Amino acid sequence: MAPNPVNQGEKIAVSANNAESIEIYSMQGALIGIEKAETALTFVPTDDLVPGIYFMVIKGSDYAQTVKVIVK
């Protein structure tokens, strides 16, 4: 995943084999958005995210990985 931290309005490149979706959560645990992961490299926009800390949950059919993301 890059860049991290990311400037608001930029896209985050997420590289994950066999990923199905990327969920974005606030620090309070609220679901902010979901992106479909159709290829090994998915670009997630940050236009609607206010500066702060978020968690991205990258989900595949047999795994889930959580990554902290900082939006400046």
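1. Strands here are DSSP runs of E, at least two residues in length, numbered from the N terminus. By that reckoning, V71 sits in strand β6, which spans residues 64-71. The model is a predicted one, and the points below should be read as comments on a prediction.

2. Is V71 buried or exposed? V71 is buried, because its relative accessibility is 3% and the cut-off for buried is under 20%. Setting aside residues up to four places away in sequence, V71 touches V6, Q8, L49, V50, P51, G52 and Y54. V57 is 14 residues from V71 in sequence, and the two C-alpha atoms are 16 Å apart in space.

3. β6 pairs with β5 in an antiparallel arrangement, joined by eight bridges. The two strands make a hairpin, with three residues between them. Within this pairing, F55 stands opposite K68 of β6.

4. T46 lies outside the strands, in the loop between β4 (41-45) and β5 (52-60). T46 is nevertheless buried, because its relative accessible area is 1%. Which backbone atoms lie by the polar side-chain atoms of T46? The backbone nitrogen of G9 is 2.9 Å from a polar atom of the T46 side chain, and the backbone oxygen of N7 is 3.5 Å from a polar atom of that side chain. Beyond its neighbours within four places in sequence, T46 is in contact with V6, N7, Q8, G9, E10 and I12. V6 and Q8 also appear among the residues touched by V71.

5. The largest nonpolar core has 16 residues, and V14, I22, M56 and I58 are the members that touch the most others in it. The elements giving two or more residues to this core are β1 (11-15), β2 (19-26), β5 and β6. I22 has contacts with V14, M56 and I58, and also with G33, I34, E35, A37, T42, V44 and V57, leaving aside neighbours within four places in sequence.

6. E23, in strand β2, deserves a separate look. What is the relative accessible area of E23? The value is 10%, so E23 counts as buried. Its side chain makes a polar contact with the side chain of K59, at 3.3 Å. Apart from neighbours within four places in sequence, E23 is in contact with L31, G33, I34, F55, M56, V57 and K59. Of these, G33, I34, M56 and V57 are also in contact with I22. F55, another contact of E23, is the residue that stands opposite K68 in the hairpin strand β6.

Notes: Residues numbered from 1 in each chain as written. Predicted model: local features only at pLDDT ≥ 70, side-chain atom pairs only at ≥ 80, totals over all residues. Heavy atoms only, no water. Helix = DSSP H or I, 4+ residues; strand = E, 2+ residues; numbered from the N terminus. Buried < 20%, exposed > 50% of the residue type's maximum accessible area, 1.4 Å probe, protein only. Contact = heavy atoms within 4.5 Å. Polar contact = N/O pair within 3.5 Å; in protein donor to acceptor, adjacent residues only side chain to side chain. Pairing = 2+ DSSP bridges. Core = buried A, V, L, I, M, F, W, Y, C linked by side-chain atoms within 4.5 Å.
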